[in-house]
Amino acid sequence: MRHFADLRERTHGHAPAPTVRDRPGKDVLFLCTVPLLDPYAWQALEELNGPLLLGTGQITASGVRRTAERGLEALWELSWPEQRLAGIAAVRLHAFYGAGSHHPHLQGGTVGRWPLNVFTPEQAAAELPTLRVIATADLHNVAAQRDHRIIPAMKQ
């Protein structure tokens with residue numbers, strides 16, 4: 001509902017966050033969203049690292065940064081020895097607000113986009129199932145670039 005209301009009203013932000021129409025205001029909201037989302041992105045990736053990668057994975061986070069086209073993004077990546085040896089991309093959670101976008105989105109390295117309308121800790125926590133789905137689908141697609149044996153748990 002928040003996503004479609006934003007599109008209809010050409011705004012971004014819902015109480016308790018301010019509702020804004022301009023790009024600078026939307027940038028500020030994105031800067032506030034990433035720290036709210038951060039623990040859940042880490043949790044979703046750690047949930048893959050434990051049982052599937054047998055704890056061999058390494059999670060990194062970029063924090064918010066400017067993109068080449070002047071948008072904003074934050075990345076969380078899960079890499080592990082077999083994936084790096086295979087020369088393929090890490091599992092990625094990507095929160096971004098593209099320069100030409102109306103509002104921010106979530107996506108994986110190999111999977112599509114989801115609207116990102118998070119303004120409270122509770123809304124960030126509600127994104128955990130989405131983050132899990134993105135991370136799991138991305139792991140599936142990354143493994144499919146070689147074969148299932150790059151997943152440590154599949155060797156046993």
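A residue counts as buried when its relative accessible area is under 20%. Keep that cut-off in mind as we walk through this predicted model.

**First stop: Glu-73**

Select Glu-73. Its relative accessibility is 13%, so Glu-73 counts as buried. Now add Arg-65 to the selection: the two residues form a salt bridge, with their closest N and O atoms 2.9 Å apart. Arg-65, at 36% relative accessibility, counts as partly exposed.

**Next: His-94**

Keep Glu-73 on screen and bring in His-94, whose side chain makes a polar contact with the Glu-73 side chain at 2.8 Å. You will find His-94 in strand 4, which covers residues 91-97. Is His-94 buried or exposed? Its relative accessibility is 11%, so His-94 counts as buried. To see what surrounds this side chain, show the residues that His-94 touches, leaving aside those up to four places away in sequence: Glu-73, Ala-74 and Leu-75, then His-105, Leu-106 and Gln-107.

**Along the strands: Glu-77 and Arg-92**

Now select Glu-77 and Arg-92, whose side chains meet in a salt bridge of 2.6 Å from N to O. This pair links distant parts of the chain, as Glu-77 belongs to strand 3 (residues 72-79) and Arg-92 to strand 4, 15 residues apart. Both ends are partly exposed: Glu-77 has a relative accessibility of 21%, and Arg-92 has 29%.

**Over to helix 2**

Select residues 23-49, which make up helix 2. How far apart are its end C-alpha atoms? They are 36 Å apart, which agrees with the 39 Å that the 27 residues should span at 1.5 Å a residue. Follow the helix to Leu-37, where helix 2 bends by about 40 degrees. A proline, Pro-39, follows within four residues of that point.

**From helix 2 to helix 5**

Stay with helix 2 and pick Glu-47, then add Arg-132: a salt bridge joins them, the closest N and O atoms being 2.6 Å apart. Arg-132 sits in helix 5 (residues 128-144) and Glu-47 in helix 2, so the pair ties together parts that are 85 residues apart in sequence. Colour the pair by accessibility and you will find Arg-132 partly exposed, with a relative accessible area of 31%, and Glu-47 partly exposed as well, at 32%.

**Last stop: a network**

Finally, select Arg-23, Asp-27 and Arg-66 together, since a network of salt bridges links these three residues. Across the model, the salt bridges come to 6.

Technical notes
Residues numbered from 1 in each chain as written. Predicted model: local features only at pLDDT ≥ 70, side-chain atom pairs only at ≥ 80, totals over all residues. Heavy atoms only, no water. Helix = DSSP H or I, 4+ residues; strand = E, 2+ residues; numbered from the N terminus. Buried < 20%, exposed > 50% of the residue type's maximum accessible area, 1.4 Å probe, protein only. Polar contact = N/O pair within 3.5 Å; in protein donor to acceptor, adjacent residues only side chain to side chain. Contact = heavy atoms within 4.5 Å. Expected span 1.5 Å × (residues − 1). Bend = angle between axes of the 7 residues up to and from the residue. Salt bridge = Lys/Arg side-chain N within 4 Å of Asp/Glu carboxyl O.
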